[in-house]
Amino acid sequence: MSIFGYSIFGNKATDSVPGAVTDTGTSGNPGPAVRKSDDEWRQELTPEEYRVLRQAGTERPFTGEYVDTHTEGVYQCRACGAELFRSNEKFDSHCGWPSFWAPLADGTVRYIHDRTLGMERVEVRCANCDSHLGHVFEGEGYGTPTDQRFCINSVSLKLMPRAGAMEGSSEA
């Protein structure tokens, strides 16, 4: 898999994917704009939101509120409100979680090597508050313009419908 033209699986780095926004403090890249203590996050988020967004958990497949949603609008980070994805880039992957083929814009998400559970994956986090969103996969044959699937937890998102948008509208 490659992100930004770099192979990530042969890379010995254990944190951020090259070219992505990082929070190292010494690389010249800014850290997250929203910084809160664990206690502050626990007060603002439900226990399930905290588990997924702040502890990199995963909601059960096919249980999230946005799995089958086709409402036109913008998906925001549930923790900080940053705009992350548009409904135009959402597609039905039938994987159990909302899937997008691209983030709203460069710099809205950051990528981190995830080698948990004996797998090689790329974690997707909100660049604004460093909350866990899900993972991105590449080369699965979905026929999307980027050949990528951003597999995102519904509990990590908040849909802001476009004015006049209806649930049955076509988007993907």
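**Figure 1. Pairing of strand 8 with strand 9 in the predicted model.** Strand 9, which spans residues 132–138, runs antiparallel to strand 8 and is joined to it by four bridges. Within this pair, Arg 125 has His 132 of strand 9 as its bridge partner. The two strands form a hairpin with five residues between them. In this hairpin Asp 130 adopts a positive phi near 65 degrees.

**Figure 2. Pairing of strand 7 with strand 8.** Strand 8 covers residues 121–126 and pairs with strand 7 in the antiparallel sense, over six bridges. Two of the facing positions are shown: Arg 110 lies opposite Arg 125 of strand 8, and Ile 112 lies opposite Glu 123 of strand 8. Here too the strands make a hairpin, with six residues between them. Leu 117, located in the turn, has a positive phi of about 55 degrees.

**Figure 3. Burial of strand 8.** Strand 8 is largely enclosed by the rest of the structure, because six of its six residues are buried. Both of its faces are covered. One side carries Arg 121, Glu 123 and Arg 125, and the other carries Val 122, Val 124 and Cys 126; all of these residues are buried.

**Figure 4. The open sheet containing strands 7, 8 and 9.** Six strands make up this sheet, in the order 5-6-10-9-8-7, and their pairing is antiparallel. Its edges are formed by strand 5 (90–91) and strand 7 (109–114), each of which pairs on one side only. In general, the strands of a sheet pair through backbone hydrogen bonds.

**Figure 5. Surroundings of Ser 99 in strand 6.** Ser 99 belongs to strand 6, which comprises residues 99–100. The relative accessible area of Ser 99 is 1%, so this residue counts as buried, the cut-off being under 20%. Its side chain makes a polar contact of 2.6 Å with the side chain of Ser 93. When neighbours within four places in sequence are left aside, Ser 99 is in contact with Glu 89, Lys 90, Phe 91, Ser 93, Arg 149 and Phe 150.

**Figure 6. The fold as context for the close-up views.** The protein contains two helices and eleven strands, arranged from the N terminus as β-β-α-α-β-β-β-β-β-β-β-β-β. Of its 172 residues, 46% are buried. Among contacts between residues at least 6 apart in sequence, 57% link residues at least 24 apart. The accessible surface amounts to about 8700 Å², and carbon and sulfur atoms account for 49% of it.

Note on methods. Residues numbered from 1 in each chain as written. Predicted model: local features only at pLDDT ≥ 70, side-chain atom pairs only at ≥ 80, totals over all residues. Heavy atoms only, no water. Pairing = 2+ DSSP bridges. Buried < 20%, exposed > 50% of the residue type's maximum accessible area, 1.4 Å probe, protein only. Polar contact = N/O pair within 3.5 Å; in protein donor to acceptor, adjacent residues only side chain to side chain. Contact = heavy atoms within 4.5 Å. Areas by Shrake-Rupley, 256 points an atom, 1.4 Å probe, with all protein chains shown as cover.
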